[in-house]
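Let's take a walk through this structure together, starting from what is bound in it. Have the model open and follow along.

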Amino acid sequence: MERDELFNLLDEFKIETPSWGYADTGTRFGKFLQPAAAATIEEKLADAGTVHRYTGCCPSVAVHVLWDFSVGVDASQTAETARKNGVSIGAINPNLFQDQIYKFGSACSGDDRARAHANRHVMESIAIGKALKSPLLSVWMADGTNYPGQDDIVSRKRRLEGALRQWHDAMPEGMTMLVEYKPFEPAFYHTDIADWGMAYTLARQAGPRAKVLVDTGHHLPATNVEQIVAFLLDEDMLGGFHFNDRKFADDDLTLGSMDPYAVFRIFHEIRNAVELHQKDVSRLAYMIDQSHNLKPKIEAMIQTAMTAQELYAKACLVDRKRLQDAQARMNIVDAEETLRTAFFSDVRPLLAEWREGHGLDGDPMGAYRASGYEAKVASEREAARAQKGGQSSGAYA
Ligand code: RM4
Ligand code: MN
Ligand code: MN
């Protein structure tokens, strides 16, 4: 592939960062607080703007409705704050798991009040999305049961089908609903949307503007995620990604920290879809879903965005002519070597060049560190927190 062609592809490759990735988050055992962590939506957007300023590839921010908006706050003001920080608001994530009423689920619950509460919240989320001109409603639900026999699986499925259809139809033109799946946690016996097949079926039933969201960390060990990606792309049912990495479960580790080759293989299938199968992937949403409870949050985000770019660039470099030739000859070793050659090529100098071509520093991490941003916001935010009476630690983000 020509250098210019690769640079054009990199120009189009945008990664959305999550507001919750800038906040103090942790595990169910506790949080380790960081002085520079963002506590308000203004601080989260300032941090997201900083990541975009140094990487040049993170122009939008996903928001979580309960964590980022308070009742009565004018959402368009948030859009303005984002704009001032050089970013825009991306996916709207309703919160269907935190309220006490969701003890037995949200849209799947047998409790009418829980379902009505979930409905109201999603309608509100859609209204916020409209005000912010967000293109995406990203639905993840914690619904499920913990014990065999706790509830009827099929009744729950039917309630969910009804809710998703209603939400789909309430969205304005141009908004896409993403249906996320997860095999377990917080429910440990059955999860109502446990895998891509269920998400696919539910999205299909909901309507033409519903697609599947693949969170790379939401699979059981050994799942071939790139096959799921290739399959959904061919069915025009892939809406986008939540990027993160995992070793054991939904670990939310930074992308590629455990298995960069797996991420490369996902990007390879996306490039195959475009170059070999004439698929349009321009609307795929590449989003990060990570909570950094040990790494400094902005550094973790910069590292993740750079990793995504590197692995995407490598996938762009796969010599697909050679690959097809090797496949036609049934030469497995040559075919695999085509992938390995691209994967092991060092694209970092090329990426530094791409950045410099865009007026960015070739070394985003170094430039960010040299800016002193973290120390500056740490002291400002500590002072602000002290004034408010200390760090709040109730909500997840
Ligand atoms: C879930 C899932 C969702 C995210 C929540 C916070 O595990 O990945 O996408 O919004 O966590
Ligand atoms: Mn996710
Ligand atoms: Mn998750």
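What follows looks at a ligand pocket and then at a metal site beside it in the text. Please keep in mind that this is a predicted model.

Begin with ligand 1. Its surroundings are made up of H64, W67, W140, E180, K182, D215, H218, H242, D250 and D289. Sorted by character, this shell holds 5 charged, 3 polar and 2 nonpolar residues.

Now zoom in on the oxygen atoms of the ligand. One of them has a polar side-chain atom of E180 at 2.8 Å. For D250, a side-chain N or O atom lies 3.0 Å from an oxygen atom of ligand 1, and for H242 the corresponding distance to a ligand oxygen atom is 3.2 Å. How much of ligand 1 does the protein cover? Taken on its own, the ligand has 290 Å² of accessible area, and the protein covers 91% of this.

Two residues of the shell, H218 and D250, lead us on to the metal. The manganese ion (ligand 3) is coordinated by NE2 of H218 and OD of D250, at 2.2 to 2.3 Å. In sequence, this pair brings together distant parts of the chain, with the two residues 32 apart. H218 sits in the loop between β10 (210–215) and α8 (225–234), while D250 belongs to the loop between β11 (238–243) and α9 (260–275).

Is H218 buried or exposed? H218 counts as buried because its relative accessible area is 4%, and the cut-off for buried is under 20%.

Finally, look for the other metal: the manganese ion (ligand 2) is 4.0 Å from the manganese ion (ligand 3).

Notes:
Residues are numbered from 1 along each chain as its sequence is written. Chains are lettered from A and ligands numbered from 1 in the order in which they are written. This is a predicted model: local features need pLDDT of at least 70, side-chain atom pairs count only at pLDDT 80 or more; totals for chains, interfaces and linings use all residues. Side-chain values use heavy atoms; hydrogens and water are left out. A residue is near a molecule or strand if one of its heavy atoms lies within 4 Å of it. A polar contact is a pair of N or O atoms within 3.5 Å; within protein, one must be able to donate a hydrogen and the other to accept it, and residues adjacent in sequence count only if both atoms are side-chain atoms. Accessible areas come from the Shrake-Rupley method with a 1.4 Å probe; for residues, only the protein chains shown count as cover. Ala, Val, Leu, Ile, Met, Phe, Trp, Tyr, Cys and Pro count as nonpolar, Asp, Glu, Lys and Arg as charged, and the others, Gly among them, as polar. Donors are N, O and S atoms within 2.8 Å of the metal (3.2 Å for Na, K and Ca); water is not among the atoms, so sites may look incomplete. Helices (H or I, at least four residues) and strands (E, at least two) are DSSP runs, numbered from the N terminus. Buried means under 20% relative accessible area, exposed over 50%, partly exposed in between (1.4 Å probe, protein chains only).
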